[in-house]
Amino acid sequence: MRRAVYPGSFDPLTNGHLDIIKRAAIIVDELIVAVVCNPSKSPLFSLEERRQILCECLKNVPGVRVGCFEGLLVDYMRAQQANIIVKGLRAVSDFEVEFQMALMNRALASEIDTIFLMTSAKHAFLSSSAVKEVFKLGGKVSDMVPQSVERHLLDKFGYDKANC
Ligand code: PNS
C-alpha cells in the first residue's frame, strides 16, 4: 500500500494545490492532505476552517482524505503509516527550501522519502499569500482558487472591503 502525505498550511487552498493533489492521488494508493497547525504562525483561516475547506473541495476526489497535525511531519507520517511525502515545486526558489526540508526529514526518518511534482505551467505564479493579497486589494481570484475558497475569502474580507 503506497500511502502518502501532502502537508501544507493551505491558507488557503489554491488551484495549484488542487492540481498537485489530483495528480498525486493517481500515483499513490491513498493520499492524506494534512494541514499543519503551527502555533508560531497566525494564519488567516483557523485550522478548522482550513480543514473544512479541504474537505469541501476534495470530497469527490477518490483516494484522498484530509488530516491535520501539530509537531514533526515525520511523527505524523509514522502515526499514519505513510512513507511518502508529496510536495509541489514551482520555481528554483521552492527547490532550495524543499531540498533542505527533504534532507532534514530523511535524516529524521530514513524510511520516509519525498517526491516532487512540478506545478502545471498555468499555476506556476500561484501562492496562497499572493491570492490573499490580490483578494484583499480587490483583485479577481476566481481563476486561482476553488469557488468555496472564494466564498470563505468573501466571508473574511467582504465587510472590511465594503467599508474602506
Ligand atoms: O504550505 P507550507 O507552509 O509551505 O508547508 C510547510 C510544511 C507544513 C510542509 C512544513 O513547515 C512542515 O513540514 N512542518 C512540520 C514541522 C516539521 O516537521 N519540521 C521539520 C522539517 S524541516
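Which residues does leucine 31 touch, not counting residues up to four places away in sequence? In this predicted model, the list consists of Ala4, Val5, Tyr6, Ile21, Ala24, Ala25, Gly63, Val64, Arg65 and Val86. Leu31 also appears, together with Leu13 and Val33, among the residues with the most contacts inside the largest nonpolar core, a set of 32 residues. The elements that give two or more residues to this core are the strands β1 (3-8), β2 (30-36) and β4 and the helices α1 (15-27), α2 (47-58), α5 and α6. The greatest contribution comes from α1, which supplies five residues. Another core lies apart from this one; it has 12 residues, including Phe69, Leu73, Val74 and Ile85.

Ile85 leads on to the cavity search, since Ile85 is also one of the residues that line the largest cavity. Across the whole structure, one cavity of 30 Å³ or more was found, and the volume of the largest cavity is about 30 Å³. Besides Ile85, its lining is made up of Lys87, Glu98, Met101, Ala102, Asn105, Thr114 and Phe116. Two or more of the lining residues come from each of β4 (84-89), α4 (92-108) and β5 (113-118). Helix α4 gives the most, with four residues. Sorted by class, the lining holds four nonpolar residues, two polar ones and two charged ones.

The aromatic side chains deserve a look of their own. A pair of aromatic rings is described by the distance of the centres and the angle of the planes. The count of aromatic pairs comes to four. One of them joins phenylalanine 95 and phenylalanine 99, whose rings are stacked, at 5.3 Å centre to centre and with 15° between the planes. These two residues belong to helix α4 and are four residues apart, so about one helical turn separates them. Phenylalanine 95 is partly exposed, at a relative accessible area of 41%, and phenylalanine 99 is likewise partly exposed, at 45%.

The pair formed by phenylalanine 135 and phenylalanine 157 is tilted, because the ring centres are 5.9 Å apart and the planes meet at 35°. Phenylalanine 135 sits in helix α5 (residues 128-136) and phenylalanine 157 in helix α6 (residues 147-162), so this pair ties together parts that are 22 residues apart in sequence. Are these two residues buried or exposed? Both phenylalanine 135 and phenylalanine 157 are buried.

Notes: Residues are numbered from 1 along each chain as its sequence is written. This is a predicted model: local features need pLDDT of at least 70, side-chain atom pairs count only at pLDDT 80 or more; totals for chains, interfaces and linings use all residues. Side-chain values use heavy atoms; hydrogens and water are left out. On a 1 Å grid over the protein atoms alone, a cavity is a set of points where a 1.4 Å probe fits but cannot get out, and a pocket is an open set with protein on both sides within 12 Å along at least five of seven lines; lining residues have an atom within 4 Å of a point. Grid points are joined across faces, edges and corners, and a volume is the space filled by probe spheres set on the points. Ala, Val, Leu, Ile, Met, Phe, Trp, Tyr, Cys and Pro count as nonpolar, Asp, Glu, Lys and Arg as charged, and the others, Gly among them, as polar. Rings of Phe, Tyr and Trp (its six-membered ring) pair if their centres lie within 6.5 Å; planes under 30 degrees apart count as stacked, over 60 as edge-to-face and the rest as tilted. Buried means under 20% relative accessible area, exposed over 50%, partly exposed in between (1.4 Å probe, protein chains only). A nonpolar core is a set of buried Ala, Val, Leu, Ile, Met, Phe, Trp, Tyr and Cys residues joined through side-chain atoms within 4.5 Å. Contact means heavy atoms within 4.5 Å.
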